[in-house]
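Biologist: I should like to learn how to read a structural model with some care. May we look at one together, feature by feature?

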Amino acid sequence: MSDVIHQTADSEHHHGDHKKGILGWITRWLFTTNHKDIGTLYLILSLVMFFVAGAMALLIRAELFEPGLQFLKPNIFNQMTTLHGLIMVFGVVMPAFVGLANWQIPMMIGAPDMALPRLNNLSFWILPFAFTILSSTLFMDGGGPDFGWTFYAPLSTKYGPPSTDYMIFAIHLMGISSILGSINIIATILNLRAPGMKMMKMPIFVWSWLITAFLLLAIMPVLAGTVTMMLTDRNFGTSFFDAAGGGDPLLFQHVFWFFGHPEVYVLILPAFGVISEIIPTFSRKKLFGYDFMVYAIACIAILSFIVWAHHMFTTGIPLGAELFFMYTTMLIAVPTGVKVFNWVSTMFKGSLTFETPMLFAIAFVFLFTIGGFSGLMLAIVPADFQYQDTYFVVAHFHYVLVSGAIFSLMAAVYYWLPKWCGKMYNERLGKWHFWLTVISMNLTFFPMHFLGLAGMPRRIPDYALQFTDFNAIATVGAFIFGVSQLLFVYNIIHTIWKGKQTTAQVWEGAHGLEWTLSSPPPHHSFTTPPVIE
Amino acid sequence: MQNGNQNNLKQKKNVRLIIKLFLIAVVMFGFGFALVPIYNVMCKALNINGKISGATSYDASHQSIDKTREITVEFVATNNANLPWTFHPLKNKIHIHPGEMTRVAFYAKNNADQVMKVQAIPSITPGLAAKYLKKTECFCFTQQTLKPNESMDMPILFHIDPDLPKSINTITLSYTLFDVSNLHHLPERIPGKIQ
Amino acid sequence: MHKILKTLFTLILFFFSPLVLAEMALNMPRGVTPISKDIYDLHMVIFWICVAIGVGVFSVMIYSLMYHRKSKGAVPAAFHEHMSLEILWAVIPFVILVVMAIPATKVLIDMHDTDDAAVTIKIVGHQWKWEYQYLDQGVQFYSNLSTPFDQIHNNVKKDPHYLLQVDNPVVVPVHKKVRFLVTSADVVHSWWVPELGIKRDAIPGFIHEAWARVQKPGTYRGQCAELCGVNHGFMPIVVQAVSDDEFNQWVAAQMKQAKQAAEASQKPLTREELMTMGKKVYENNCAACHKVDGQGMPPVFPPMRGSSVAVGHPVSRHISLVLHGVPNTAMQAFASQLSDLELAAVITYERNAWGNNTGELVQPKDVQDLRAVKKLTRKTNERRNSSNS
């Protein structure tokens, strides 16, 4: 089987290197081509950015604790909302899922490493630069980007601060990183599966990532194109989005959401994959309707390309378009419903235990479904005229992204961390973390539904008096949520330093190739392809 | 030996796949830009966004004037971003029959102390009516230049297609003036101009 | 601290007292137009459908969580696929969706009604105020936030309509179709009044319409709903729906006021008159950017205190700048927004407040003389280059 090993000879080289001292440590991480090392780097980056963007969210919530202007000037407030959104999407959820993909995909398909280890290293190390540039815009003359993470023209083009060009550059870098990462993931999944692992035998997490990677490959270049057009509009006299020169500000919204809507599914499809791994393990029962789960993911991915204008119902698009996008958007509820029904059926008549990963997975199913319901309500065009750009939308996407994407990530970390480091996390602490997180998350975001319905627009630094109580509750919830995450970090560090040794199997009900490897797994996951029955 | 062959085969397979995937990315990058003309074509074909489909010639012999219907056409003028011009329609509102050729004018005066060039951007509501409003002549087809304190009446010559849906009785024609004195790059795509 | 205690108290109430909840605004307003009522009904129907589905799914799930635990000796069943079940739970939601889509489509078609309107109002979004033009009546005015800055900065007690009050509300007649033509002069804004069931984006260069037939006289408040820059949160909308007679009286009063303003520009005013009025105009129109204390928000919004414009000469430069704005910067042209009298007052105020003791008075006549001429200090690029005044 030397052929397989041969491909990852580069990483072998560094593994063998036992340079001592701080320099050795730096070069080990800087030049690593090992999928586990790179996965770890992605996860660490994502955790750091989670606290950066989370701190911004807490500043926003502190300002909104009561009416009046307290801590943040409106222009700083706008910069906070913009960067909170950009970093959470591109710096937290996406890198975290890529990190999981790096760790898990080779182990789950019986491969020694990723298909393109050196490219893998490159696609990670682009990111710290991108986020340094993005964060540094805050300290530039005129302030950082202050037009929301959707950077609508002409607010971001004609009226944007000078630092907008740096934001564009950072987005280009993130785009390149994502594209390289996706190519690597697709190549790994298609070419490195162990003999006998047919496509329809792949773990569902691998499937979800394969589809996500294709989505990324299709949309990140479109985003790159969009920001390039912004750049030329700002600096080189073109008029893509400026009506004066024959362009159209609405075109920006179309192009942006052509990227933006599939992007939403990039953030949630891998989460579906994670949850579909965890629920069967702790139900001690096979995933119900595997085939349909795969079809549902594919279905959602395809539909995501023809729903984008549902973000633009109030812009005055014609009746025909409004109807078309309303119907297609509603249609997405069908495959999403199928997924939820299948998860519930997996639990039905299982033999359930409630370890921390399972708790997060159950909360995911409950709360993501609530986010799905508000999504369905938002799809109804006439009602959307009232919901659009209010806190109802904020509540909706935080239910989908916090209790969806972020919860699945936490579930994944608790689920696979024992495998990664060979040590068991502290279950008691995990449960504390879970309950604090889930309660504070609902405390923060549930009142936002009411705020939105009662008429509070999003992205405002100050509000009318009737919104006071719910905003105060949301702020308290947000701070509890923020502090609870320190438990998460503590638990991870504690596990790695002092955790109790665990077995290869880790979880009683776990199935899949990764559990056949030792905990922690060997440097090259599968040097001999496993036999799949 | 066999291992070596297999290795080569795998490498080749990898490279081929990677090239294909890169191509997808490149094509999608191009597609991002292609969305611009696609959008403009769609807008014109489907009359989205009140964009007007361009200058048409008026053939009096082929136009039947529908005396049974009277359509109200409103004119609206807006200055973009502090443009120091006076700009308003001479008449706010007219009533015409479909098929009837009509000439109206907008008054424009440059209040600045230097020569300024502007571009008028037309927009129509309801958007559905855009297709039926045919302009033979319009000041929005070209950029307009005025010297300091100079003024002029800028004309539009248009008619309404008698096929205008029965549900529409009022059409609003809006012009927004944008300052293009500083636009070095000549605009290539002016709505209302045939390309 | 007191605030935190109060919040905790609210929290406790939140969990234990549905009565308190009933008093808070929890739901979408029903509104006062046929469309807003249709929207509300639609919203409630979808909401209850979602609740029903949710109850169904969650009860199965909770049942499993309770009874299919390993600790209760549950043994996992072997089933893991069921073709007809999969098809069933794809088809049933689809049918429910179709049922939802039918009324939604109907309401949507009603919203696109193009019947003739009794009153047509053109709305132009500006950073950060709304401009209203009554096309047939010839009335035109700007509508600014009128909440005093002292309230925003927590120096005094807040008004019940804090942030939702304006100097000039838009007045519409009840029981008549009012058509709104919405556009923008700079960035994208969105004109939203929940009780009218209207949210329409204002897009520069493009015009879109919406309509309302208000059924009940009253005051209805809304806000800009699309992020439009620094003061996005401070450009509210107030709509007053009045009877036909009152509407006509209002129009007549507006016309008369415009005439009076023209006459007022002929006679000189005292320093006190100018300063008192100037302070008010300044706080409504200028303080959003240049701040109540004249400190501005550099580099984008230059300070007024001691600025070369506000204390320098000639005075005509100052007047001209306020009248015509500075192109490609955030400094707007106020020529069409304020009367000669108001402009004279605010410029006098700026030249004499916060230690800018020039002692110079600007009279309405001075403004009138400069109205027609515009000196352009053209900057080559965006607002970034205009940081110093």
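Modeller: Let us begin with burial. This is a predicted model, and in it Arg284(A) is buried, with a relative accessible area of 17%. The cut-off for the word "buried" is under 20%.

Biologist: Where does Arg284(A) lie in chain A?

Modeller: Arg284(A) is in the loop between helix H9 (249–283) and helix H10 (290–303) of chain A. Its backbone deserves attention as well: Arg284(A) is not a glycine, yet it has a positive phi of about 50°.

Biologist: Why should a positive phi be pointed out at all?

Modeller: Most residues other than glycine have a negative phi. A second case is found in chain B, where Asn149(B), also not a glycine, has a positive phi of about 65°. Asn149(B) sits in the loop between strand S7 (144–146) and strand S8 (151–160) of chain B.

Biologist: Is Asn149(B) buried or partly exposed?

Modeller: Asn149(B) has a relative accessibility of 42%, so it counts as partly exposed.

Biologist: Which residues does Ser351(A) touch, leaving aside those up to four places away in sequence?

Modeller: Ser351(A) touches residues of chain A and chain C, among them Phe282(A), Ser283(A), Arg284(A), His68(C), Arg69(C) and Lys70(C). In addition, a polar atom of the Ser351(A) side chain lies 3.0 Å from the backbone oxygen of Ala74(C). Ser351(A) is in the loop between helix H12 (333–347) and helix H13 (356–379) of chain A, and it is buried, with a relative accessible area of 2%.

Biologist: How does one describe the whole interface of chain C and chain A?

Modeller: One may begin with the residues and the area. Here 101 residues of chain C are in contact with 112 residues of chain A. The area buried between these chains is about 9100 Å², and carbon and sulfur atoms give 72% of it.

Biologist: How many salt bridges are counted between chain C and chain A?

Modeller: The count is 1 salt bridge. Glu508(A) forms a salt bridge with Lys70(C), and the closest N and O atoms are 3.0 Å apart. Polar contacts are counted separately, and 24 residue pairs are in polar contact between chain C and chain A, with both residues at pLDDT 80 or more. On the side of chain C that touches chain A, several elements each supply at least two residues, including helix H1 (2–16), helix H3 (34–67) and helix H4 (83–111). By class, that side of chain C has 62 nonpolar, 23 polar and 16 charged residues.

Biologist: May we read the interface of chain B and chain C by the method just used?

Modeller: Certainly. The contact takes 36 residues from chain B and 34 residues from chain C. Together, chain B and chain C bury about 2600 Å², with 46% of it on carbon and sulfur atoms. There are 2 salt bridges across this interface. Glu74(B) forms a salt bridge with Arg179(C), in which the closest N and O atoms are 2.4 Å apart. The polar contacts between chain B and chain C come to 10 residue pairs, both residues being at pLDDT 80 or more. Strand S1 (71–79), strand S5 (116–125) and strand S9 (170–179) of chain B each supply at least two residues of the side that touches chain C. That side of chain B has 12 nonpolar, 19 polar and 5 charged residues.

Biologist: How is chain C itself built?

Modeller: Chain C has 12 helices and 10 strands. Of its 389 residues, 54% are buried.

Biologist: Why is strand S3 of chain C described as largely enclosed by the rest of the structure?

Modeller: Strand S3 (residues 139–143) of chain C is described in this way because 4 of its 5 residues are buried. Strand S2 (residues 129–134) of chain C runs antiparallel to S3(C), and 5 bridges join them. Within this pairing, Tyr132(C) has Phe141(C) as its bridge partner. The hairpin of S2(C) and S3(C) has 4 residues between the strands, and Gly138(C) takes a positive phi near 75° there.

Biologist: What should one look for in the peptide bonds?

Modeller: Most peptide bonds are trans. In this model a cis peptide bond joins Gln127(C) and Trp128(C), with omega about 0°. Trp128(C) is in the loop between strand S1 (119–126) and S2 of chain C. The peptide bond from Ser519(A) to Pro520(A) is also cis, with omega near -5°. Pro520(A) lies in the segment after strand S2 (500–501) of chain A.

Definitions and conventions
Residues are numbered from 1 along each chain as its sequence is written. Chains are lettered from A and ligands numbered from 1 in the order in which they are written. This is a predicted model: local features need pLDDT of at least 70, side-chain atom pairs count only at pLDDT 80 or more; totals for chains, interfaces and linings use all residues. Side-chain values use heavy atoms; hydrogens and water are left out. Contact means heavy atoms within 4.5 Å. Buried area is the accessible area (1.4 Å probe) that two parts lose on being put together, summed over both. A salt bridge is a side-chain nitrogen of Lys or Arg within 4 Å of a carboxyl oxygen of Asp or Glu. A polar contact is a pair of N or O atoms within 3.5 Å; within protein, one must be able to donate a hydrogen and the other to accept it, and residues adjacent in sequence count only if both atoms are side-chain atoms. Ala, Val, Leu, Ile, Met, Phe, Trp, Tyr, Cys and Pro count as nonpolar, Asp, Glu, Lys and Arg as charged, and the others, Gly among them, as polar. Buried means under 20% relative accessible area, exposed over 50%, partly exposed in between (1.4 Å probe, protein chains only). Two strands pair if DSSP finds at least two bridges between them.
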